[in-house]
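Hello,

I am passing a structure on to you, and I hope you enjoy looking through it. Please open it first, and then read my notes on its charged side-chain pairs below.

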Amino acid sequence: MSDEKRTGSGLGKTIVTALIAGLVGGGISFGGYQLYQNNSGDNGAITTSSNKSGTTKVTNVNVKSSNETSKAFSKVENAVVSVISYTKSSSSSNSLTDIYGTAGDSSSTATESESSEGSGVIYKKSDGNAYVVTNNHVISGASKVEVLLSNGKKLSATVVGKDAVTDLAVLKISADSVTQIATFGDSDNITVGETALAIGSPLGSEYATSLTQGIISAKKRTIDVTNSAGIKTGQATVIQTDAAINPGNSGGPLINTSGQVVGINSMKLASTATESSAGSGTSSTSVEGMGFAIPSNEVVSIINQLVANGKVKRPALGISLIDLDYVSASDQKSVLKLPTSVNSGIVAVKINSDSPAKNAGIGKYDVIVKLDGKKVADTSSLREVLYAHKIGDTVAVEFYHNGKLQKANIKLTLEATDSNTGSDTAGKSASSAQ
């Protein structure tokens with residue numbers, strides 16, 4: 001998901017933080033707070049006084065614990081887990097052999113250390129295995145993954161599949177110690193204002209299975225999505241909630257008062273930064289109560305594909321392209337021969353030999369302006385439309401060739417891979433393959 005989302009005319013910036021708790025560096029500092037308070041006595045001691053005229057007693061609790069929030073939590077609490085990622089690091093050995101060995105000899109040992117923690121939720125048991133959904137960024141780059149159950153038992157996990165586009169991943173663990181699985185609710189049926197509960201491991205497993213309460217702040221909020229290189233790859237429609245979520249909550253469930261998972265918590269808006277129009281600096285404003293979750297309907301669609309195929313199969317056009325915005329006005333006129341009325345679109349700068357776009361008649365320097373009847377303004381909007389289709393579908397395309405508008409149909413026969421959907425940036429010549 002996006003770490004930054006630009007707003008306005010480029011002068012404003014909101015910082016969206018992925019909810020992953022780093023473990024490198026040890027404990028948590030509470031330096032700004034004291035756990036005690038000194039009173040103003042001669043020796044600074046805390047003074048007490050007694051009231052012999054009466055005593056204070058504890059009365060019975062009148063609030064029944066069987067309220068809907070507690071019931072909802074009890075339906076899923078043992079299905080929520082902590083997900084611990086490990087990475088390998090090399091360190092030089094200080095053995096006598098290294099110190100007094102022959103010249104040129106060197107040795108190093110690779111060690112695995114905890115790099116980060118997130119959350120996850122067990123949603124399925126089958127053939128002795130249990131399946132956990134979490135965020136892709138929680139386990140991305142990990143050499144080993146473990147799952148910590150709510151009862152404190154730690155299990156080795158296998159990555160079944162992961163998808164960077166939707167930031168989802170599925171893990172597999174032994175089902176022997178699993179006592180509860182979560183169920184998914186229909187995220188299309190949630191309403192703004194209804195109670196939302198977030199469960200996870202904020203700041204890591206020390207606070208595992210923490211519950212926070214809020215409401216659904218927005219049912220469908222569109223935010224930008226970027227890849228690991230910081231390139232905008234599309235947009236995602238997410239659930240917004242004011243339930244408190246923090247680093248470590250990533251991958252944990254957002255549930256309704258029936259105990260159904262309606263979203264997977266993925267990120268939060270941490271602060272905004274505004275650049276001065278005079279260039280004199282920036283100012284920031286902290287933000288509270290703005291968290292985002294991937295809707296359950298999308299989660300179910302993606303994790304079913306990950307379990308079946310280990311990945312999500314998406315179509316590709318088989319071209320390298322750049323946004324029209326990156327092309328100078330003079331080149332738009334002389335090279336692309338575009339009418340002045342065309343001010344947005346995608347420029348095909350290279351056509352692969354196996355390109356479905358080539359079979360539809362699209363050539364070098366043609367400008368795609370519509371796909372499947374929807375306006376294509378930039379690379380992200382192209383992928384948003386394209387990824388809504390399956391391999392084998394046929395979609396209508398509109399593009400300008402030598403300044404003239406053309407219409408054709410593209411048979412989506414090519415599967416997207418890391419090589420044909422990669423990105424490369426070099427200043428204003430940013431380009432990507434699709």
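Let me start with R314, which forms a salt bridge with D163, with 2.8 Å between the closest N and O atoms. R314 sits in the loop between α4 (296–309) and β17 (315–316), while D163 belongs to strand β8 (residues 154–163), so this pair ties together parts that are 151 residues apart in sequence. Please keep in mind that this is a predicted model.

Are the two partners buried or exposed? R314 is buried, at a relative accessible area of 9%, and D163 is buried as well, at 5%. Both count as buried because the cut-off for that word is under 20% relative accessible area.

The search of the whole structure turned up 4 salt bridges, and here are two others.

K311 pairs with E415, and their closest N and O atoms are 2.9 Å apart. This salt bridge also links distant parts of the chain: K311 is in the loop between α4 and β17, E415 is in strand β24 (residues 414–415), and 104 residues separate them. K311 is partly exposed, with a relative accessible area of 37%, and E415 is partly exposed too, at 22%.

Then there is K374, whose side chain meets that of D372 in a salt bridge, at 3.6 Å from N to O. K374 has a relative accessible area of 43% and is partly exposed; D372, at 29%, is also partly exposed.

As general background, side chains of opposite charge can pair when their charged atoms come close.

Happy exploring, and best wishes

Technical notes
Residues numbered from 1 in each chain as written. Predicted model: local features only at pLDDT ≥ 70, side-chain atom pairs only at ≥ 80, totals over all residues. Heavy atoms only, no water. Helix = DSSP H or I, 4+ residues; strand = E, 2+ residues; numbered from the N terminus. Buried < 20%, exposed > 50% of the residue type's maximum accessible area, 1.4 Å probe, protein only.
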